[in-house]
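Visitor: I am new to this structure and would like a close look at a single part. Please start with one sheet and follow the connections from there, in plain terms.

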Amino acid sequence: MSPLRLLNMFAVPVPVDAGKPARVAIIPAPGRVQRVDLGATIQGVYCEPGVRNGALFAVAGGHLYSISSSWAATDLGAISGSGDAVFAGLRDALYVARAAKPYKWDGATLTQVSDVDAPDASSMLVLAQRLVAAEAGADTFYWSDTLDGTDWEALSFATAEQRPDAIYRMVRVSGQIVAMGAASVEVIRATGDVDLPFANLTGQSIDETEGVLGPEAYAIRGDKLFLIGGNLSPYMMNGFNFANLPRNGEMEDELIELSAANRLLVTCMAYQWGSNEFFKVRIPGSAAYVLNTTTGYWHREQSWEEDTYLPRWHASAYGYDVMADEGGTAIYTLSNTTYADAGTTIERMVTLRPMFESYTTIGSLCLDLQAYGRPLSGQGSDPTIMVTLSTDGRNTLDTNRNEVTLQAGADGTYLKPVLWGLGMIPPGEGATITIRMTDPAGVTLYGAWLNEGQKS
């Protein structure tokens with residue numbers, strides 16, 4: 001059976017030799033562990049191999065911090081400007097800006113670029129050994145001298161000139177610059193020419209996505225660029241072509257309802273879990289929608305007892321996926337063996353539609369699941385799941401309906417719980433099963449069956 005809706009759980013492939021009839025299993029989304037509290041609102045995080053030995057950096061409360069692999073934070077100094085922080089690494093130097101002239105951290109001192117020709121950077125990257133930057137609301141980009149992000153010439157600029165729309169973000173993908181604008185996307189290459197070191201690659205803009213939805217509505221993983229287009233559709237760019245990703249109607253409905261100002265606040269991130277690659281779209285004031293590009297299934301993530309998803313900032317550092325919340329002060333890491341959100345409950349839910357003959361009386365429901373990662377004592381040591389069976393086609397939990405509680409099995413126990421004597425007659429094929437769990441333990445769901453007893 002295919003999942004209709006997943007909350008804080010996602011689908012992964014089941015190996016053929018696992019002995020399971022299903023080809024997809026449902027498992028918990030990772031929990032989070034708090035690593036360090038910076039004591040001020042975080043405005044960006046960054047880590048890149050080769051930049052200051054791959055250290056993690058964050059801007060919080062207008063100060064730049066370095067964070068060691070033991071999660072010790074060091075205040076490196078104040079950063080002027082406003083808004084979100086953008087970062088780039090030129091050789092071993094870190095550059096950071098907040099819509100003002102960039103700052104350089106060389107491992108000993110933090111100094112602001114004093115060159116009057118340097119831009120007020122709202123977007124930065126490094127290509128052809130130069131620092132490249134764009135300013136907010138303009139279609140012009142600038143570049144520094146070779147190997148020196150502090151030296152800028154007055155005529156070292158160009159425009160993304162195929163379409164006159166503002167550049168939201170410039171990023172480096174596959175050794176090229178991708179300039180994502182309000183109505184189009186352009187690919188810019190390094191030419192090797194001293195006077196004009198950058199030029200448009202294709203001679204025309206890419207218009208099919210209608211640009212990018214906002215300055216943070218994209219994510220990069222390796223040579224892949226994921227984004228939400230100005231047309232509200234999800235895309236992946238690999239090479240120089242955009243491919244449509246599977247759409248999610250619920251997410252698209254929420255994007256349509258956003259005001260123009262709130263569409264600019266949509267943020268995205270991409271990360272790897274085992275062999276599964278995820279593209280996450282965070283909607284302001286709402287949840288996050290996450291596509292597992294390996295299976296093609298979407299799931300929804302949100303924080304406990306809230307209709308919102310708190311994490312906004314993301315980086316990969318020290319072998320972890322690092323996150324920070326909107327308006328938050330703490331740095332977290334994702335953990336595949338943690339089933340709580342830094343000690344807070346995570347509600348997990350899956351809604352399924354079983355296959356059975358129309359107008360058949362439902363006598364039993366069998367769940368094939370496996371609990372693991374249980375704490376040795378306290379809540380979750382003998383985890384429970386809550387099951388609701390609906391016969392009117394609902395695909396969301398109705399709290400007015402009765403939930404039945406089942407034991408998932410304590411440590412060392414493997415159960416296939418069965419509900420008997422249900423005696424329900426569904427109207428046609430409108431039955432749905434909602435399985436909910438709030439205990440801090442892992443559960444893998446391999447399948448659910450009606451009227452088949454103990455399924456092997």
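Guide: Four strands make up an open sheet here, in the order S17-S18-S19-S20, and their pairing is antiparallel. At its edges stand S17 and strand S20, which covers residues 198–200, and each of these pairs on one side only. From one strand to the next, the twist averages 30°. Keep in mind throughout that this is a predicted model.

Inside this sheet, strand S18 (residues 176–181) and strand S19 (residues 185–190) run antiparallel and are joined by four bridges. One of these can be picked out by name: valine 178 has valine 187, in S19, as its bridge partner. In general, the strands of a sheet pair through backbone hydrogen bonds, either parallel or antiparallel.

The edge strand S17 leads on to the largest pocket. That pocket has a volume of about 1200 Å³. It is lined by 41 residues, and the closest to its centre are Tyr46, Cys47, Tyr218, Ile220 and His314. Several strands give two or more residues to this lining: S5 (42–46), S9 (86–90), S13 (123–127), S17 (167–173), S21 (218–221), S25 (267–273) and S29 (311–317). Among these, S25 gives the most, with six residues. Sorted by class, the lining holds 23 nonpolar residues, ten polar ones and eight charged ones.

Cys47, one of the residues closest to the pocket centre, has a relative accessible area of 19%. Buried means under 20%, so cysteine 47 counts as buried. Cysteine 366 is also buried, with a relative accessible area of 0%. A disulfide is a covalent bond between the sulfur atoms of two cysteines. A search of the whole structure turns up zero disulfides.

S21, another contributor to the pocket lining, belongs to a second open sheet. Four strands form it in the order S21-S22-S23-S24, with antiparallel pairing. Its edge strands are S21 and strand S24 (241–244), each pairing on one side only. Here the twist averages 25° from one strand to the next. Between strand S22 (residues 224–228) and strand S23 (residues 234–238), which run antiparallel, there are five bridges. In one of the pairings, leucine 225 has methionine 237 of S23 as its bridge partner.

The loop between S22 and S23 holds leucine 232. Most residues other than glycine have a negative phi. Leucine 232 is not a glycine, yet its phi is positive, at about 75°. With a relative accessible area of 9%, leucine 232 is buried.

A second leucine with this backbone feature sits in another loop. Leucine 147 has a positive phi of about 60°, although it too is not a glycine. Its loop runs between strand S15 (140–145) and strand S16 (148–159). Whereas leucine 232 is buried, leucine 147 is partly exposed, with a relative accessible area of 45%.

For a residue within a strand, take threonine 111, which lies in strand S12 (residues 110–112). Threonine 111 has a relative accessible area of 41%, so it counts as partly exposed. Along the chain, threonine 111 and isoleucine 79 are 32 residues apart, while their C-alpha atoms are separated by 9.2 Å.

Last comes strand S32 (residues 348–352), which is mostly covered: five of its five residues are buried. Both of its faces are covered, with Arg348, Val350 and Leu352 on one side and Met349 and Thr351 on the other. S32 has bridges to strand S1 (residues 3–7): the two run antiparallel and are joined by four bridges. Here proline 3 has leucine 352 of S32 as its bridge partner. S32 is also joined to strand S37 (residues 432–437), by five bridges and again in an antiparallel arrangement. In that pairing, arginine 348 stands opposite methionine 437 of S37.

Notes. Residues are numbered from 1 along each chain as its sequence is written. This is a predicted model: local features need pLDDT of at least 70, side-chain atom pairs count only at pLDDT 80 or more; totals for chains, interfaces and linings use all residues. Side-chain values use heavy atoms; hydrogens and water are left out. On a 1 Å grid over the protein atoms alone, a cavity is a set of points where a 1.4 Å probe fits but cannot get out, and a pocket is an open set with protein on both sides within 12 Å along at least five of seven lines; lining residues have an atom within 4 Å of a point. Grid points are joined across faces, edges and corners, and a volume is the space filled by probe spheres set on the points. Ala, Val, Leu, Ile, Met, Phe, Trp, Tyr, Cys and Pro count as nonpolar, Asp, Glu, Lys and Arg as charged, and the others, Gly among them, as polar. Two strands pair if DSSP finds at least two bridges between them. Axes are lines fitted to C-alpha atoms, for helices over the stretch in contact, and angles run from 0 to 180 degrees between N-to-C directions. A disulfide is a pair of cysteine sulfur atoms within 2.5 Å. Buried means under 20% relative accessible area, exposed over 50%, partly exposed in between (1.4 Å probe, protein chains only).
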